[in-house]
Amino acid sequence: MRAAGPMRNHLCMDLDPGGGAGHGTAAIVEWSGPMLAAAADEAMRIYAIAMNYPEYTGAQRAVTARRHTTNDGFAARAAFGPDGTLVGFGYGYTTKPGQWWHDLVRRALTKQADPRWLHDAFELSEIHVLPDWQGHGIGRRLIVSLAAAIPHSTILLSTPDADTRAFRLYHHLGFVDLARNYLFPGDTRPFAVLGLRLPMAAAEGNRAVGQTPSGKDS
Ligand SMILES: CC(C)(COP(=O)(O)OP(=O)(O)OC[C@H]1O[C@@H](n2cnc3c(N)ncnc32)[C@H](O)[C@@H]1OP(=O)(O)O)[C@@H](O)C(=O)NCCC(=O)NCCS
């Protein structure tokens, strides 16, 4: 892989052990909006590979990701292998009324949980790790690093509602189920909407559907 200028010019934030498939240690670094924009094609190639989507979807998603980099509250992290290869990334931004995902999730939460979760929330829009590097703590480190830096009260995300590595990781980190089996327009797969209150506690267990941001049952 080509390591573009902006990708090399990063602030090294986390070099704790936890490599992938004998490749060595991955470094978790902060990415600004312009850095993700410059690396969007490479990052979304990882998105397509990790999600097992056709290659062309990566190019489409790169256009969207570049647009996201100017959203309020944007924050991103990248994971690099020892040779400077991008092996994973995660990013998000403040979720707001009028955004496609926000308005649909508000509808889902109104039915199944407390919509106050959407107030002052960071939408974790994408998080992906190359298959060879998965299962070695990189996804966890990307989320923990983001959670420690953003000023929001909650992190929200949606993920296919199935027993996936992603779902297991989110629950392990303390994300709770806010909506299950939700159908987004244009996708036949059921999705789950998950939420995590910030600051992040040590690994918490799964919590029940319907919990409020303050921790009280709705
Ligand atoms: C989801 C994804 C980003 C997670 O990144 P990752 O580096 O693989 O995740 P991690 O290694 O940090 O954690 C995942 C695994 O470790 C487990 N885990 C993480 N930290 C743990 C800990 N401290 N103790 C126990 N288990 C832990 C998780 O439960 C999961 O384990 P399992 O698959 O063996 O059940 C990555 O797997 C991926 O790209 N998947 C495909 C694309 C995708 O689904 N993206 C998200 C869409 S919403």
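**Note on helix α5, the ligand shell and model confidence**

1. Helix α5 (residues 100–112) has 13 residues, which at 1.5 Å a residue should span 18 Å, and its end C-alpha atoms lie 19 Å apart, which agrees; the expected span is 1.5 Å times one less than the number of residues. Helices (H or I, at least four residues) and strands (E, at least two) are DSSP runs, numbered from the N terminus.

2. This is a predicted model, in which local features need pLDDT of at least 70, side-chain atom pairs count only at pLDDT 80 or more, and totals for chains, interfaces and linings use all residues. Residues are numbered from 1 along each chain as its sequence is written.

3. Within α5, V105, A108 and L109 are buried (20 or more other C-beta atoms within 10 Å of the residue's own, against 12 or fewer for exposed, with C-beta atoms placed from the backbone). They cover an arc of only 95 degrees around the axis, which puts them on the same side of α5; the arc is that of the directions from the helix axis to the C-beta atoms. On the other side of α5, W100, T110 and K111 are exposed.

4. Around the ligand there are 19 residues, of which Q134, G139, R140, A166 and R168 come nearest (a residue is near if its C-beta atom, placed from the backbone, lies within 6 Å). Two or more residues of this shell come from each of α3 (40–51), β5 (121–129), α6 (138–149) and α7 (165–173), and α7 gives the largest share, 5 residues.

5. As to confidence, the chain has a mean pLDDT (the predictor's confidence in each residue, from 0 to 100) of 86, and 82% of its residues reach 70 or more.
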